[in-house]
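This report sets out selected local features of one protein structure. Please keep the sequence and the coordinates at hand while reading.

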Amino acid sequence: ASSGNQPIYRENGANGMPYVKFDGSDDFLSYAYDSSNSPFLNPDVLTIFTVTTDITGMNGGILSSRNSNDGYYIKYDNSNTRFNLGHHNTTVSTANGSRAALHYPNMLTIRTSDTGDGDTLWDTVQISVDSELSLASTGSKTYTKNTSGAFDVGRESSSYLNGYIHEILIYNVALTDTDVEKVEGYLSRKYGISLHNNHTYK
């Protein structure tokens with residue numbers, strides 16, 4: 001992003017940890033596609049963790065790796081106080097009301113799977129909010145990898161985040177249940193987020 005579009009780095013956010021503040025108007029970070037590194041962000045399968053805070057109740061993009069209908073994005077859907085995962089030309093969503101109250105951080109866990117059979121599908125998609133399963137394993141979803149578009153943080157198309165991004169972790173593999181719980185446990189302690197009662201690291 002240009003200097004006028006850069007978000008602000010701040011300290012002493014959730015649990016005393018630093019964060020990046022986006023203004024909801026034109027702030028974002030962008031990594032132009034390159035053939036050496038960008039394929040890591042656009043694999044057949046993904047495990048993504050985000051820790052974000054919404055401060056105004058507006059729709060806003062958290063991250064986006066898109067070129068037309070190819071790729072994926074994550075955004076706040078504040079008309080239903082939930083999160084959307086965009087893929088192809090549609091979305092899947094967490095349960096209505098799953099987003100935390102304003103000014104409180106949420107940890108989002110997104111897990112996709114694919115058999116590696118060369119088709120343009122995710123075989124399953126699961127989304128958890130603060131380690132609580134909010135979108136159960138679904139049937140196959142059309143997904144084509146982004147092979148040219150930029151990776152943006154803080155916006156999805158013209159929808160800009162008005163809030164904070166504390167941390168984003170992207171794995172280009174399907175993590176095991178054990179490893180997912182380890183990462184969730186780490187993030188929950190780091191940012192003071194409560195886990196569901198049956199979580200190993202509660």
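## Lining of the largest pocket

In this predicted model, helix α2 supplies the largest share of the lining of the largest pocket, namely 4 residues. The elements that contribute two or more residues to this lining are β9 (105-113), β11 (124-129) and α2 (177-191). The lining comprises 13 residues, and those nearest the pocket centre are Arg111, Ser128, Ser131, Val180 and Glu184.

The volume of the largest pocket is about 190 Å³. By residue class, its lining divides into 6 polar, 4 charged and 3 nonpolar residues.

## Arg111 at the pocket

Arg111, one of the residues nearest the centre of the largest pocket, belongs to strand β9. Its side chain reaches the backbone oxygen of Leu175 at a distance of 3.1 Å. When neighbours within four places in sequence are set aside, the contacts of Arg111 are Leu46, Thr47, Thr124, Val125, Gln126, Leu175, Thr176, Asp177 and Val180. Val180 is thus a contact of Arg111 and is also listed among the residues nearest the pocket centre.

Along the chain, Arg111 and Trp122 are 11 residues apart, and their C-alpha atoms are separated by 10.0 Å.

## His87 and its surroundings

His87 is located in strand β7 (residues 82-87). Its relative accessibility is 2%, and His87 therefore counts as buried, the limit being under 20%. What does the polar part of the His87 side chain lie beside? A polar atom of that side chain is 2.7 Å from the backbone oxygen of Thr142.

Apart from neighbours within four places in sequence, His87 is in contact with Arg66, Gly71, Val92, Trp122, Lys141 and Thr142. Thr142 accordingly appears both in this contact list and as the residue whose backbone oxygen faces the histidine side chain at 2.7 Å. Trp122 is a contact of His87, and its C-alpha atom lies 10.0 Å from that of Arg111.

## Aromatic pairs

A search of the whole structure yields 5 aromatic pairs. In one of them, the ring centres of Tyr19 and Tyr164 are 4.5 Å apart and the ring planes meet at 45°, so the pair is classed as tilted. Tyr19 is part of strand β2 and Tyr164 of strand β17 (residues 162-171), so this pair ties together parts that are 145 residues apart in sequence. Tyr19 and Tyr164 are both buried.

A further pair is formed by Phe49 and Tyr171, whose ring centres are 6.0 Å apart with planes at 85°; the pair is therefore edge-to-face. Since Phe49 is in strand β4 (residues 47-54) and Tyr171 in strand β17, this pair ties together parts 122 residues apart in sequence. Are its two members buried or partly exposed? Phe49 counts as buried because its relative accessibility is 1%, whereas Tyr171, with a relative accessible area of 29%, is partly exposed.

## Positive phi outside glycine

His88 is not a glycine, yet its phi is positive, at about 50°. This residue is found in the loop between β7 and β8 (90-93). His88 has a relative accessibility of 25% and so counts as partly exposed.

Asp130, likewise not a glycine, has a positive phi of about 55°. Its position is in the loop between β11 and β12 (132-135). With a relative accessible area of 18%, Asp130 is buried, because the class covers values under 20%.

## Loop residues and distances along the chain

Gly16 lies in the loop between β1 (8-10) and β2. Its relative accessible area is 41%, so Gly16 is partly exposed. Gly16 and Tyr191 are 175 residues apart in sequence, while their C-alpha atoms are 7.8 Å apart in space.

Ser25 is in the loop between β2 (19-23) and β3 (29-31). Its relative accessibility of 48% falls below the limit for an exposed residue, which is over 50%, so Ser25 counts as partly exposed. From C-alpha to C-alpha, Ser25 is 8.8 Å from Asn5, and the two are 20 residues apart in sequence.

Technical notes:
Residues numbered from 1 in each chain as written. Predicted model: local features only at pLDDT ≥ 70, side-chain atom pairs only at ≥ 80, totals over all residues. Heavy atoms only, no water. 1 Å grid on protein atoms, 1.4 Å probe; cavity = no way out; pocket = protein on both sides within 12 Å on 5 of 7 lines; lining within 4 Å. Points joined across faces, edges and corners; volume = space filled by probe spheres on them. Nonpolar A, V, L, I, M, F, W, Y, C, P; charged D, E, K, R; others polar. Buried < 20%, exposed > 50% of the residue type's maximum accessible area, 1.4 Å probe, protein only. Polar contact = N/O pair within 3.5 Å; in protein donor to acceptor, adjacent residues only side chain to side chain. Contact = heavy atoms within 4.5 Å. Phe/Tyr/Trp six-rings, centres within 6.5 Å; stacked < 30°, edge-to-face > 60°.
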